[in-house]
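Biologist: I should be grateful for a close look at one part of this model, namely a small sheet and what lies around it. Please describe how its strands are arranged and which side chains meet there.

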Amino acid sequence: MSDRVNVFLAGDSLLFRTALAQALGRYPGLSIAGMAATEQEIKRSIPASSPSVLLLAHSAQLDGLAVLRYVMSTCPLPVVALTDEARLASVLRRAGAIDVMLLSDSRQMTDPQAISEEVATRLRAAAKHKVGHLDGKLGRGWDGSLGRGWDGNLGRGGFDCVVALGASTGGTQSTAQILKALPRDFPGIVVVQHMPPVFTRLYADNLDKECQMTIREAKSGDNLRQGLVLIAPGEKHMRLAKSEQGGWAVICSPGAKVSGHCPSVDELFFSVARMAGGNAVGVILTGMGSDGALGLCEMRKRGAYTIGQDESTCIVYGMPKEAYDRGGVCKQASLGQIAELLIRQVDIMRKKTAY
């Protein structure tokens with residue numbers, strides 16, 4: 001099977017379409033299968049073009065929702081939507097878009113070159129998804145099928161995987177890139193990002209607008225569920241615990257710095273190792289120092305699959321290097337590969353649980 005991603009570009013602006021198509025054509029593995037400006041042209045051209053992904057620029061002149069409903073009901077394929085209206089992001093996702101990119105300023109809307117690298121990354125990630133028909137009521141599962149995807153009844157005989165992620169310097173952007181590429185019903189994720197109070201809440205709120213999963217700052221006692229990302233609050237350690245309902249929950253509490261930080265990645269990872277063992281995946285991203293290295297080693301020791309960001313894509317190759325040097329990393333990967341690795345590994349774990 002070819003790894004080439006054939007993109008169909010839909011948008012009402014000829015200048016925007018042409019400039020973005022030229023910019024995307026410079027990225028290895030991407031090609032433009034076709035372009036259209038109206039809903040009628042899209043309906044006529046997409047079947048003949050056989051694209052692997054649709055890039056849809058929503059606007060007042062081109063109704064992205066109508067296009068999505070048509071595509072997902074007649075010729076389903078992964079869709080990456082572009083819009084400058086934040087209120088539409090979640091609506092476009094519910095209508096079937098794999099990913100929605102918010103164009104936050106006028107330069108992004110008038111200079112496609114400025115967004116081409118991020119768009120190219122999102123298109124490659126979206127093209128890996130399998131997409132099934134939607135009937136307007138059911139959501140897309142993790143693998144593109146109809147229904148619930150992974151069993152949401154975590155910890156009660158269902159699939160109870162948990163993903164733990166730690167990051168520091170440069171981690172806000174790295175974490176965001178990974179989370180944006182994950183489907184809405186991916187297993188629950190717990191995140192420690194070294195960040196002061198208030199900023200963790202703002203960070204979570206901003207990510208929630210851009211990602212398919214629900215993202216929020218954690219509170220002690222929050223239940224972790226499929227499709228939810230909990231980010232540790234500033235100046236509070238976050239630990240994984242058993243929920244009274246039988247699944248996972250988190251405990252957030254102030255405390256002394258561990259490995260130089262509060263919240264500490266080590267505190268989170270050690271708790272995940274104890275509670276989840278081999279039902280966990282650990283990820284350590286860019287950051288200064290060694291926080292998380294020992295905890296990741298403990299996760300791997302107890303059967304978890306562990307991923308470390310590689311040196312070439314780290315802002316600071318400190319935390320991942322320490323974890324790798326201590327033997328805590330099963331797989332080193334570039335930032336752009338980590339979301340795909342997570343999806344693949346969790347799929348392997350899901351299938352093992354099914355048998």
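Modeller: In this predicted model, a suitable place to begin is Leu224, which stands opposite Trp248 of strand β12. The two strands concerned, β9 and β12 (residues 248-253), pair in the antiparallel sense, and two bridges connect them. They belong to an open sheet of three strands, in which the order is β9-β12-β11 and the pairing is antiparallel. The edges of this sheet are formed by β9 (223-224) and β11 (237-242); each has a single partner strand, so one side of each is left without a neighbour in the sheet. In general, the strands of a sheet pair through backbone hydrogen bonds, in either a parallel or an antiparallel manner.

The edge strand β11 spans residues 237-242, and a helix supplies a residue that touches this stretch. Glu267 is found in helix α9, which covers residues 265-276. Leaving aside residues up to four places away in sequence, Glu267 touches His237, Met238 and Arg239, as well as Val258. With Arg239 there is also a polar contact between the side chains, at 2.8 Å. Glu267 has a relative accessible area of 18% and therefore counts as buried, the cut-off being under 20%.

A separate feature concerns the surface. Val198, Phe199 and Leu202 make a nonpolar surface patch of about 280 Å². Of these residues, Val198 lies in the loop that runs between β7 (189-193) and α8 (199-210).

Methods. Residues are numbered from 1 along each chain as its sequence is written. This is a predicted model: local features need pLDDT of at least 70, side-chain atom pairs count only at pLDDT 80 or more; totals for chains, interfaces and linings use all residues. Side-chain values use heavy atoms; hydrogens and water are left out. Patches are made of residues with over 30% relative accessible area and no salt bridge: like charges are joined within 9 Å, nonpolar side chains (Val, Leu, Ile, Met, Phe, Trp, Tyr) within 5 Å. Accessible areas come from the Shrake-Rupley method with a 1.4 Å probe; for residues, only the protein chains shown count as cover. A salt bridge is a side-chain nitrogen of Lys or Arg within 4 Å of a carboxyl oxygen of Asp or Glu. Helices (H or I, at least four residues) and strands (E, at least two) are DSSP runs, numbered from the N terminus. Buried means under 20% relative accessible area, exposed over 50%, partly exposed in between (1.4 Å probe, protein chains only). A polar contact is a pair of N or O atoms within 3.5 Å; within protein, one must be able to donate a hydrogen and the other to accept it, and residues adjacent in sequence count only if both atoms are side-chain atoms. Contact means heavy atoms within 4.5 Å. Two strands pair if DSSP finds at least two bridges between them.
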